[in-house]
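Let's walk through this protein together, strand by strand. Keep the model open beside you and turn it as we go.

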Amino acid sequence: MNQPITALLLGLALLSGCGDGGIPGNVSEETDPSRPIRVAPGQEFRLVLNSNESTGFRWMLADSAGLRTVQLLERRYERRRGNNNGGAGGRERWSFRATRAGEDSIVLVYRRPWEPRPPVETRRFHVVVR
(Lines give C-alpha, C1' and ligand atoms only; values in the text may rest on other atoms or scores of the structure.)
Protein backbone atom coordinates (compact mmCIF):
# COMPACT_ATOMS: atom_id res chain seq x y z
CA MET A 1 0.00 0.00 0.00
CA ASN A 2 1.37 3.44 -0.77
CA GLN A 3 2.38 5.82 2.03
CA PRO A 4 -0.30 8.56 1.64
CA ILE A 5 -3.13 6.03 1.79
CA THR A 6 -1.54 4.24 4.76
CA ALA A 7 -1.14 7.55 6.61
CA LEU A 8 -4.77 8.49 5.88
CA LEU A 9 -6.09 5.14 7.12
CA LEU A 10 -3.94 5.37 10.26
CA GLY A 11 -5.20 8.89 10.96
CA LEU A 12 -8.84 7.84 10.54
CA ALA A 13 -8.32 4.85 12.84
CA LEU A 14 -6.81 7.09 15.53
CA LEU A 15 -9.61 9.64 15.27
CA SER A 16 -12.34 6.99 15.48
CA GLY A 17 -11.16 6.11 19.00
CA CYS A 18 -11.24 9.68 20.25
CA GLY A 19 -13.91 11.33 22.37
CA ASP A 20 -15.56 14.58 21.37
CA GLY A 21 -12.50 16.47 22.58
CA GLY A 22 -10.20 14.67 20.16
CA ILE A 23 -8.11 13.17 22.97
CA PRO A 24 -8.84 9.54 23.85
CA GLY A 25 -10.28 9.11 27.33
CA ASN A 26 -10.47 12.85 27.94
CA VAL A 27 -14.28 13.12 28.28
CA SER A 28 -15.61 12.05 31.66
CA GLU A 29 -19.27 11.26 32.33
CA GLU A 30 -20.58 12.56 35.64
CA THR A 31 -23.79 11.40 37.33
CA ASP A 32 -23.29 12.30 41.01
CA PRO A 33 -23.91 15.95 41.92
CA SER A 34 -22.44 15.42 45.40
CA ARG A 35 -18.92 15.01 43.95
CA PRO A 36 -17.08 18.03 42.49
CA ILE A 37 -16.13 17.77 38.83
CA ARG A 38 -12.43 18.58 38.42
CA VAL A 39 -11.26 19.48 34.91
CA ALA A 40 -8.54 21.48 33.17
CA PRO A 41 -9.19 24.38 30.78
CA GLY A 42 -10.09 22.98 27.36
CA GLN A 43 -11.23 19.65 28.78
CA GLU A 44 -14.73 18.35 28.04
CA PHE A 45 -17.08 16.49 30.35
CA ARG A 46 -20.67 15.24 30.28
CA LEU A 47 -23.46 15.26 32.81
CA VAL A 48 -25.66 12.17 32.45
CA LEU A 49 -29.15 12.18 33.97
CA ASN A 50 -32.09 9.78 33.79
CA SER A 51 -34.99 11.28 31.89
CA ASN A 52 -38.24 10.42 30.13
CA GLU A 53 -39.14 12.81 27.33
CA SER A 54 -42.30 10.86 26.47
CA THR A 55 -43.88 12.32 29.64
CA GLY A 56 -43.05 15.87 28.59
CA PHE A 57 -40.41 16.22 31.28
CA ARG A 58 -36.86 17.18 30.41
CA TRP A 59 -33.79 18.59 32.09
CA MET A 60 -33.27 22.31 31.54
CA LEU A 61 -30.31 24.52 32.33
CA ALA A 62 -31.44 26.91 35.05
CA ASP A 63 -29.05 29.80 34.30
CA SER A 64 -26.83 29.50 31.25
CA ALA A 65 -25.91 33.21 31.39
CA GLY A 66 -24.41 32.66 34.84
CA LEU A 67 -21.83 30.14 33.63
CA ARG A 68 -18.36 31.70 33.80
CA THR A 69 -15.86 28.86 33.43
CA VAL A 70 -17.71 26.32 31.27
CA GLN A 71 -19.50 26.37 27.92
CA LEU A 72 -22.47 24.20 26.97
CA LEU A 73 -21.67 22.23 23.82
CA GLU A 74 -24.64 19.91 23.37
CA ARG A 75 -27.71 18.36 24.99
CA ARG A 76 -28.75 14.95 23.67
CA TYR A 77 -31.54 12.57 24.70
CA GLU A 78 -31.00 8.82 24.29
CA ARG A 79 -33.69 6.16 24.73
CA ARG A 80 -32.66 3.07 26.64
CA ARG A 81 -31.11 0.49 24.34
CA GLY A 82 -33.24 -2.50 23.47
CA ASN A 83 -36.45 -0.83 24.67
CA ASN A 84 -38.61 0.44 21.82
CA ASN A 85 -41.78 0.63 23.91
CA GLY A 86 -43.52 3.98 23.96
CA GLY A 87 -43.16 5.70 27.32
CA ALA A 88 -39.83 4.06 28.12
CA GLY A 89 -37.29 6.37 29.71
CA GLY A 90 -33.77 7.16 28.72
CA ARG A 91 -30.92 9.50 29.57
CA GLU A 92 -29.91 13.03 28.77
CA ARG A 93 -26.26 13.78 28.14
CA TRP A 94 -25.18 17.38 28.61
CA SER A 95 -21.72 18.09 27.14
CA PHE A 96 -19.62 20.99 28.42
CA ARG A 97 -16.11 22.36 27.83
CA ALA A 98 -14.07 24.09 30.53
CA THR A 99 -13.07 27.49 29.16
CA ARG A 100 -10.94 29.02 31.93
CA ALA A 101 -9.79 28.47 35.50
CA GLY A 102 -12.29 29.05 38.29
CA GLU A 103 -15.38 27.46 39.78
CA ASP A 104 -18.94 27.18 38.56
CA SER A 105 -22.27 25.62 39.46
CA ILE A 106 -24.29 23.96 36.74
CA VAL A 107 -27.92 23.80 37.84
CA LEU A 108 -30.30 21.55 35.92
CA VAL A 109 -34.02 21.37 36.67
CA TYR A 110 -36.40 18.58 35.61
CA ARG A 111 -39.75 19.94 34.50
CA ARG A 112 -42.25 20.32 31.70
CA PRO A 113 -41.29 23.54 29.91
CA TRP A 114 -44.87 24.68 29.38
CA GLU A 115 -46.02 24.24 33.00
CA PRO A 116 -45.66 27.12 35.47
CA ARG A 117 -45.08 24.66 38.36
CA PRO A 118 -41.76 24.38 40.17
CA PRO A 119 -39.39 21.67 38.92
CA VAL A 120 -39.93 18.14 40.24
CA GLU A 121 -36.18 17.72 40.65
CA THR A 122 -33.07 19.92 40.75
CA ARG A 123 -29.44 18.85 40.34
CA ARG A 124 -26.52 21.17 41.12
CA PHE A 125 -23.07 20.14 39.88
CA HIS A 126 -20.01 21.95 41.23
CA VAL A 127 -17.23 22.34 38.66
CA VAL A 128 -13.62 23.21 39.52
CA VAL A 129 -11.44 24.21 36.55
CA ARG A 130 -7.68 24.24 37.25
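A good place to begin is strand S1, which runs parallel to S3 and is joined to it by 3 bridges. Within this pairing, Glu29 has Arg46 in S3 as its bridge partner. Keep in mind throughout that you are looking at a predicted model.

Follow S3 onward and you come to the next pairing. Strand S3, residues 44-51, is joined to S6 by 8 bridges, and these two run antiparallel. You can find this pairing at Asn50, whose bridge partner in S6 is Arg91. On S6 there is a further pairing to look for: strand S5, residues 70-79, pairs with S6 over 9 bridges, in the antiparallel sense. Here Gln71 is matched with Arg97 as its bridge partner in S6.

Put these pairings together and you have an open sheet of 4 strands in the order S1-S3-S6-S5, with mixed pairing. S1 and S5 stand at its edges with a single partner strand each, so one side of each is left without a neighbour in the sheet. On average, neighbouring strands of this sheet are turned by 25° against each other, direction ignored. As for S6, this strand covers residues 90-98 and is mostly covered, with 7 of its 9 residues buried.

Now for the other sheet. In which order do the strands of the second open sheet lie? The order is S2-S8-S7-S4, again 4 strands, and the pairing is mixed. Its edges are strand S2 (37-39) and strand S4 (58-61); each has a single partner strand, so one side of each lacks a neighbour in the sheet. Neighbouring strands here are turned by 30° against each other on average, direction ignored. For a closer look, take S4 and strand S7 (residues 102-111), which run antiparallel and are joined by 4 bridges. Trp59 is a handy landmark, since Trp59 stands opposite Tyr110 in S7.

As a general reminder while you look at both sheets, strands pair through backbone hydrogen bonds, either parallel or antiparallel.

Next, move to the loop between strand S1 (28-30) and S2, where you will find Asp32. Is Asp32 buried, partly exposed or exposed? Its relative accessibility is 31%, and because buried means under 20% and exposed means over 50%, Asp32 counts as partly exposed. The side chain of Asp32 makes a polar contact of 2.6 Å with the side chain of Ser34. Asp32 also lies 9.2 Å from Leu49, C-alpha to C-alpha, although 17 residues separate the two in sequence.

Stepping back, the protein has 1 helix and 8 strands. Reading from the N terminus, the elements run α-β-β-β-β-β-β-β-β. Of its 130 residues, 32% count as buried. The protein exposes about 8,200 Å², and carbon and sulfur atoms supply 50% of that area. Among contacts between residues at least 6 apart in sequence, 64% join residues at least 24 apart.

Finally, a word on confidence. The pLDDT averages 83 over the protein, and 76% of the residues score at least 70. Over residues 4-24, however, the pLDDT is below 50; this stretch has 13 contacts in the model beyond near neighbours in sequence.

Conventions
Residues numbered from 1 in each chain as written. Predicted model: local features only at pLDDT ≥ 70, side-chain atom pairs only at ≥ 80, totals over all residues. Heavy atoms only, no water. Pairing = 2+ DSSP bridges. Axes fitted to C-alpha atoms, helices over the stretch in contact; angles between N-to-C directions. Buried < 20%, exposed > 50% of the residue type's maximum accessible area, 1.4 Å probe, protein only. Polar contact = N/O pair within 3.5 Å; in protein donor to acceptor, adjacent residues only side chain to side chain. pLDDT = per-residue confidence, 0-100. Contact = heavy atoms within 4.5 Å. Areas by Shrake-Rupley, 256 points an atom, 1.4 Å probe, with all protein chains shown as cover.
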